[in-house]
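Subject: Structure handover

Hi,

Here is the structure for your files. Please have a look, then read my notes below.

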Amino acid sequence: MYVGVDYYPEHWPEERWRIDIALMREAGFNIVRLAEFTWYRLEPSEGQYELQWLEQVVDLFEENDIAVVLGTPTAVVPLWAARKYPEIMSTDRDGHRTEYGVRKDTCYNSRVFNLMSDRIVERLTAHLGEHRNVVGWQVDNEFAGPKCYCVHCLSAFQHWLQEKYGSVVALNEAWGLHFWSHNINDWEEVRFPNALWSNNPGQHLDHCRFHSDVNVRYQRRQVETIRKNSPGRFVTHNFMGFAPELDYFDLAEDLDFVSWDNYPNFGDVRGTIRSDGDLDLEPRIRASAAADLMRGAKARSFWIMEQTAGPTGWGEFGRNVWPSELRNIAFQQVAHGCDGMLWFRWRTSTAGREQYWHGLLGHDGEPGRRYQEARTTALELTGACSGIVDSDVLAEVAIVFDYDSRWAFEAQPAYSGCDYVQSVLRYYEGFYRRGINVHFISSRAEFSKYRVVVASHLYVLPDETASRLNEFVKTGGVLLADCRTGVKDETSLCHARTLPGLLADSLGIRIDEYESLEDSFIYDVRATRGHKTYSAGLYSDWIRCEDATSLYRYTTPHVGDFAVLTINRYGDGRAFYLGTIIREDAFYDELAARLLTAARLPVPKVLPNGVQVRTRCTAAHLYTFYVNHLNREVEVDLAHGRDIITDEAVGGTASLGPLGVVIVENERNGEGDDDDE
Ligand code: GLA
Ligand code: ZN
């Protein structure tokens with residue numbers, strides 16, 4: 001396994017390089033990422049290149065058996081470039097050109113920027129692309145935005161639409177521009193969307209897709225140059241978990257694998273510590289789900305290109321990593337399919353905006369507690385755990401993650417409190433608490449690989465996707481759909497159908513009316529069999545069962561006729577629909593069990609609070625990870641096998657130490673051999 005750090009040698013005197021590298025080696029590190037943000041150091045003035053210093057650093061690492069991932073430096077242009085070619089800087093919605101001085105502020109539709117970027121990437125990859133010690137590349141840094149509103153971007157947007165729709169008549173129709181007499185006569189009349197509250201939903205959705213495509217295309221330019229000049233090396237990019245700007249399934253397409261930047265303790269201290277003084281589990285569950293999305297974007301193992309090393313923040317920083325937490329955060333990601341990990345950053349910078357984004361070493365450069373813990377972790381990962389590399393994460397349960405729906409909700413959240421990621425996470429958590437592996441998939445994916453598909457808030461639902469979901473159920477799959485699913489077509493016009501539209505076939509319900517409740521109004525909910533009760537809020541579909549059976553219904557009188565949770569047998573499968581947001585976690589634990597049961601899958605018990613269980617496997621072995629996210633001992637029921645870290649036999653009731661990790665290895669007994677990829 002590759003384990004190491006992000007290193008910025010250009011920030012430190014040359015005499016220090018050897019000391020740093022010796023410490024890294026001592027820690028068992030075998031990889032570093034270099035050169036991100038070094039454009040000025042590589043090209044201090046136009047056309048004058050200085051690559052020797054970087055080559056010297058790569059050599060130095062080679063002498064010490066530490067491999068190198070090179071970052072292309074394009075996330076920040078040098079000031080000379082911005083002064084000479086002002087058009088390369090992006091423009092905000094009000095038409096102001098971005099002031100130089102931060103990063104990620106150039107225009108990807110500027111011809112000049114693209115030429116400059118091509119040139120530096122060409123130079124760098126031509127010079128170091130075949131260096132023995134360069135094993136891979138990271139393109140740019142954290143693609144996302146911001147969206148640029150310059151004239152070049154406007155004409156690129158017009159072109160993009162022209163290619164997509166062919167005629168202005170088709171565009172008028174797709175965006176519904178007859179409304180308020182907004183029709184256009186000519187492509188040149190297409191503008192950018194206005195402020196969110198007043199703009200056209202179709203225009204907003206296409207603009208989001210356009211922005212995503214622009215980034216994907218820009219990345220592709222770099223990938224092509226890298227592949228030409230640096231054959232045999234991997235190409236990746238550092239993604240950002242649940243960041244909303246780009247369709248990560250698309251961005252992953254040109255890469256060999258996805259990497260991502262994981263900062264679970266970012267933000268204010270209150271947000272990561274709970275009232276009893278222990279760690280809050282929410283950021284951990286989110287990091288777990290984000291890892292599954294990152295894995296899902298390419299349907300294969302991923303890397304962490306930036307892993308939390310200490311307190312983070314730009315102006316103010318948050319809490320420190322607690323003893324054993326750095327290791328805990330690392331192993332959680334390995335449990336999800338992480339095969340390479342670099343801590344961000346090696347040493348805390350004494351200069352610039354990130355003086356407070358702490359590295360393994362402080363400003364003083366002394367190898368302290370965080371360094372020691374990273375060392376322990378690295379030695380375990382590259383030693384005892386090396387057999388895990390390339391193992392699979394198999395899953396029978398998939399959760400659809402749909403950027404179109406997410407973007408459509410941005411323009412119209414529909415109900416107050418609607419949060420797309422949160423909606424998906426509610427179901428995710430039900431599976432998480434039972435230790436079930438889950439895959440995140442795009443709405444374009446093959447559903448039939450799974451036994452259970454959760455399609456929450458699938459707001460934008462093209463007919464073709466609806467038909468595939470129906471077919472999935474008909475042929476034996478278990479589907480869960482919920483609020484606002486199927487409201488819109490692919491251009492963000494509302495389907496002119498009774499909800500849930502085409503999905504009525506498999507769901508067996510009809511929804512004539514619905515409403516938003518905000519968090520001030522709570523409905524009471526009761527099981528149709530048994531006595532379980534819950535409370536519902538934020539949103540309510542008034543569901544009538546046609547073929548479906550109601551499993552929960554409202555007991556609040558004026559909605560007493562309507563179902564809350566339904567199940568329908570359709571073909572060989574079952575389709576569930578939940579028409580509200582239940583406030584209690586226990587409901588989602590129960591729902592996960594119902595879905596698993598309907599799919600004839602085993603239903604593991606809900607795990608002790610704070611404990612996470614996941615599995616990875618190779619053809620020969622099953623690895624079960626037990627990760628304790630609380631800073632106290634917890635009792636768990638371990639599988640019988642070999643603890644790969646201690647190399648001891650374990651099994652049965654055992655205690656997991658504070659923030660502790662156990663990985664149990666078993667021989668695989670042949671079942672479930674079907675590959676997930
Ligand atoms: C991102 C970037 C890093 C660094 C950190 C901290 O993850 O990729 O370069 O700037 O944020 O701000
Ligand atoms: Zn632009």
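Start with N229. Leaving out residues up to four places away in sequence, N229 touches E122, T125, A126, G129 and E130 (contact: heavy atoms within 4.5 Å). The side chains of N229 and T125 share a polar contact of 2.9 Å. Polar contact here is a pair of N or O atoms within 3.5 Å; within protein, one must be able to donate a hydrogen and the other to accept it, and residues adjacent in sequence count only if both atoms are side-chain atoms.

This is a predicted model: local features need pLDDT of at least 70, side-chain atom pairs need pLDDT 80 or more, and totals for chains, interfaces and linings use all residues. Residues are numbered from 1 along each chain as its sequence is written, chains are lettered from A and ligands numbered from 1 in written order, and side-chain values use heavy atoms, without hydrogens or water.

N229 sits in helix α8 (residues 201-229) (helices are DSSP runs of H or I, at least four residues; strands are runs of E, at least two; both are numbered from the N terminus). N229 is buried, at 14% relative accessible area (buried: under 20%; exposed: over 50%; partly exposed: in between; 1.4 Å probe, protein chains only). L124 is 105 residues away along the chain, yet its C-alpha atom is 9.2 Å from that of N229.

Now the burial of two cysteines: C107 and C148 are both buried.

Best wishes
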